[in-house]
Amino acid sequence: MSGPSLPELETYSAEDWVEAYQSLPVAQRYKSWIDSPCPQDPAASLRWQRHRGWLQAAMATYFDRASTSDICLSWSLLCEDLLRQAWRLGGLDELPICMTVVGKMGSQELNLSSDIDMFFVSQIGITPEIDRALKRFRALLSDATENGFVIRLDFDLRPGGRFAPLVSTLPQLEDYYWSQGETWERLAMVRARTILGPADLCAAVQQTLT
């Protein structure tokens, strides 16, 4: 899905940037970093892409150059692309596991300060290989560096909450929401989207949630 086009950073005047720096101090730090070419290192490249997209959305917000819905959709689509890149870099695209996003990411209404709520399903549950790949995936996106982080991830809305296994099987997912989940947990599934993983598994998860 192609999203709305936000104004390019190059369209803002020097005076616009001075004004933005006064109200958004982080904008000057991000701008100085993205003025350099995109790094070759995969993790640094993710942060560079994130900071450029965040700055583009923040400037459009501050100067009222786009609608709120377009800004949220544009930012959501960028974050989805960053998730996809980290999924591949972590090696999860070669494993029998899928990701479902909920909340603002599920409805593509992510704002610039949101974290991303997600859970994982695999027909074989969690294995050492899947566990290692998920740790790489999380580190690529959430580890703080001198150049910041990419995205904050929240795994606590998974079936059973923070004390449940990080990865559910399909029967565990179905059983939890059918017989154990609270009403608010079921309601959260209204905005669920299964976005990454093998097509057949993604379809089965989406059908179960529906």
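Here are a few notes on the pockets in this predicted model.

1. Ground rules. The model is predicted, so to speak on trust: local features need pLDDT of at least 70 and side-chain atom pairs count only at pLDDT 80 or more, while totals for chains, interfaces and linings use all residues. Residues are numbered from 1 along each chain as its sequence is written, and side-chain values use heavy atoms, with hydrogens and water left out.

2. Largest pocket. Its volume is about 230 Å³. A pocket here is an open set of points on a 1 Å grid over the protein atoms alone, where a 1.4 Å probe fits, with protein on both sides within 12 Å along at least five of seven lines; lining residues have an atom within 4 Å of a point. The volume is the space filled by probe spheres set on the points, which are joined across faces, edges and corners.

3. What lines the largest pocket. Among the lining residues are Gly3, Pro4, Gln56, Trp75 and Leu78. H3 (42–62) and H4 (68–89) each give at least two residues, with H4 supplying the largest share, 4 residues. Helices are DSSP runs (H or I, at least four residues), numbered from the N terminus.

4. Second largest pocket. This one has a volume of about 170 Å³, and its lining includes Tyr177, Trp178, Arg186 and Met189. H7 (170–180) and H9 (199–209) are the elements giving two or more residues; H7 has the largest share, 4 residues.

5. Chemistry. The largest pocket's lining splits into 6 nonpolar, 5 polar and 1 charged; the second largest has 5 nonpolar, 1 polar and 2 charged. Nonpolar covers Ala, Val, Leu, Ile, Met, Phe, Trp, Tyr, Cys and Pro, charged covers Asp, Glu, Lys and Arg, and the others, Gly among them, are polar.
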